[in-house]
Amino acid sequence: MIDVTALTKTYGAHRAVDDLTFTARPGRVTGFLGPNGAGKSTAMRMMVGLTPPTSGTATVCGRRFADLPNPPREVGVLLDASAQHAGRTGREILTIAARTIGLPISRVGESLEQVSLTATEADRRVRHYSLGMRQRLGIAAALIGDPDVLILDEPANGLDPAGIRWMRDVLRGFSQRGGTVLLSSHLLGEIEVVADDIVVIGHGRIVAQGTKAELLAGAGTFVVPADPADAATLVRACTDAGVEVVRDSDGGLRVEAEAPAVGRLAHRADVPLAQLRAADGAGLEEMFLQLTADTQRETPAPLRGAAA
Ligand SMILES: Nc1ncnc2c1ncn2[C@@H]1O[C@H](COP(=O)(O)OP(=O)(O)OP(=O)(O)O)[C@@H](O)[C@H]1O
Ligand SMILES: [Mg+2]
């Protein structure tokens, strides 16, 4: 469990993190999504005691990070995969980590296995690692103490599609065993495939939060009239009912209402439909772009699923 309450960081007049409040729960992957400069890394650094907050608190497993008796046994952290000592081998880095935490050296082999780094790769110097191998090593270092919580800043950075899938499986497995995962990304696609819950920030402030399902539901309904000539009739029916509708480039319409309501509107307008379904990630992407472009307002956008 990670509890963030009114967390704020100012640099001079600039509020890098502004009154951030959310909880990352056990058994769930929480995606921390925001564009470049939104304040994700600053917030995460405060959670793990590397940056002192200006105000507010962050606790991990009920305590401030600085008060954890043996932090790596409670929380695995990956903030910057390129920060590892380039002159050491992967195995050396994990061995030092295991010794520091007071773990048997057998944990090194186990954690290498967890991230599918081979023995040959483990004995190579980190400077010769690809970005993807560094990310795997970083995850291995985060997992080595068998923590309950993972805090990962852009862990999918530099991973190819197979690597992203691998990461998703590792994080899913970890959360299914009851672990808490918080991972950041500036890419919606990376968060969307793995997260159960999503916190979206822009300019240091939360602009939306909820379960992925809730935020996706907020994307509205996608419909395609059986006869393209009926699109205009359907748009008029929606507009007359006070429901927002956006035309898609390929003949579909994205309607800001739940599917049953859209079905009734189409029926009343006598427009047969070829498709009627919840709008997918494209809607969430639009929401992400909209929300992050419009974060100067006083209060967060009134999204369905946005927790108080
Ligand atoms: N030490 C610092 N001194 C001054 N400003 C800082 C400092 N660290 C971060 N900032 C500013 O705080 C804001 C948030 O930065 P942060 O690195 O947390 O964003 P981010 O969401 O992690 O972005 P990215 O996706 O690019 O990693 C930025 O405007 C950044 O310039
Ligand atoms: Mg960052």
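## A predicted protein chain and its ligand

In this predicted model, the protein chain has a mean pLDDT of 89 (pLDDT is the predictor's confidence in each residue, from 0 to 100), and 90% of its residues reach 70 or more. Confidence is highest in strand β1 (residues 2–11), at 98, and lowest in helix α12 (residues 281–293), at a mean of 65. Helices (H or I, at least four residues) and strands (E, at least two) are DSSP runs, numbered from the N terminus.

Next, the domains. An automatic or database domain assignment gives domain 1 (2–211) and domain 2 (220–279). Their centres, taken over C-alpha atoms, are 42 Å apart.

Now for ligand 1. There are 13 residues around ligand 1, and Gly37, Gly39, Lys40, Ser41 and Thr42 come nearest; a residue counts as near if one of its heavy atoms lies within 4 Å. Helix α1 gives the largest share of this shell, 4 residues. By type, the shell holds 4 nonpolar, 6 polar and 3 charged residues, with Gly counted as polar.

Here are some distances from an oxygen atom of ligand 1:

| Residue | Partner atom | Distance |
|---|---|---|
| Asn36 | side-chain N or O | 3.0 Å |
| Ala38 | polar backbone atom | 3.1 Å |
| Lys40 | side-chain N or O | 2.8 Å |

The protein covers 61% of the 640 Å² of accessible area that ligand 1 has on its own (Shrake-Rupley method, 1.4 Å probe).

A note on conventions: residues are numbered from 1 along each chain as its sequence is written, while chains are lettered from A and ligands numbered from 1 in the order in which they are written. Local features need pLDDT of at least 70, side-chain atom pairs count only at pLDDT 80 or more, and totals for chains, interfaces and linings use all residues, while side-chain values use heavy atoms, leaving out hydrogens and water.

Definitions and conventions
A polar contact is a pair of N or O atoms within 3.5 Å; within protein, one must be able to donate a hydrogen and the other to accept it, and residues adjacent in sequence count only if both atoms are side-chain atoms.
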